[in-house]
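Please open the model in your viewer and keep the sequence beside it. The tour below moves from one selection to the next and says what is found at each stop.

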Amino acid sequence: FGDGWEHTVKVERITDAIPGLLYPFLIDATGRCPPEDVGGPWGYAEFLEAIADPQHERHAEMVEWVGAPFDPTAIDFDEHAKAVEDLAKAWSRKPAIRRKPAT
């Protein structure tokens, strides 16, 4: 990621695998991703401050820029769970292919 973003993944416990379940899988998520090109963590902080305060000097500019109501706490869990599932499928081990011995 550019712009100095850092992400935290919290492993709370490791348990036995559940047969048939594809790993990794998402069990919880907090917060919404910031808009693209918001300017890194510092730009996002300013963006949140501006959209929350109608008296902020950049409020109108930021509201227009984002183009839609923006709730930083809203999250589409199903969308994120699907994205993690897609990654799990892409990263999963593929069955070995048996090849005939060369003759």
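Bear in mind throughout that this is a predicted model. Begin by showing the aromatic side chains, since the structure holds six aromatic pairs. Select Phe 47 and Phe 70, which form an edge-to-face pair, with 5.2 Å from centre to centre and 80 degrees between the planes. Phe 47 belongs to helix H1 (residues 40–52), while Phe 70 sits in the loop between helix H2 (59–66) and helix H3 (77–91), so their pairing ties together parts that are 23 residues apart in sequence. Are these two rings buried or exposed? Phe 47 is buried, with a relative accessible area of 0%, and Phe 70 also counts as buried, at 13% relative accessibility.

Next, add Trp 5, Tyr 44 and Trp 65 to the selection, because ring pairs link them with Phe 47 and Phe 70 into a cluster. Stay with Tyr 44 for a moment: leaving aside its neighbours within four places in sequence, Tyr 44 is in contact with residues including Trp 5, Arg 32, Pro 34 and Pro 72.

Now select Val 38, Tyr 44, Phe 47, Ala 50, Ile 51, Met 62 and Phe 70, the seven residues of the largest nonpolar core. H1 gives the most to this core, with four residues.

Finally, turn to the largest pocket, whose volume is about 1800 Å³. Of the 41 residues that line this pocket, Thr 8, Val 9, Leu 26, Asp 28 and Val 84 are the closest to its centre. H3 gives the most to the lining, with five residues, and by class the lining has 22 nonpolar, nine polar and ten charged residues.

Key. Residues are numbered from 1 along each chain as its sequence is written. This is a predicted model: local features need pLDDT of at least 70, side-chain atom pairs count only at pLDDT 80 or more; totals for chains, interfaces and linings use all residues. Side-chain values use heavy atoms; hydrogens and water are left out. Rings of Phe, Tyr and Trp (its six-membered ring) pair if their centres lie within 6.5 Å; planes under 30 degrees apart count as stacked, over 60 as edge-to-face and the rest as tilted. Helices (H or I, at least four residues) and strands (E, at least two) are DSSP runs, numbered from the N terminus. Buried means under 20% relative accessible area, exposed over 50%, partly exposed in between (1.4 Å probe, protein chains only). A nonpolar core is a set of buried Ala, Val, Leu, Ile, Met, Phe, Trp, Tyr and Cys residues joined through side-chain atoms within 4.5 Å. Contact means heavy atoms within 4.5 Å. On a 1 Å grid over the protein atoms alone, a cavity is a set of points where a 1.4 Å probe fits but cannot get out, and a pocket is an open set with protein on both sides within 12 Å along at least five of seven lines; lining residues have an atom within 4 Å of a point. Grid points are joined across faces, edges and corners, and a volume is the space filled by probe spheres set on the points. Ala, Val, Leu, Ile, Met, Phe, Trp, Tyr, Cys and Pro count as nonpolar, Asp, Glu, Lys and Arg as charged, and the others, Gly among them, as polar.
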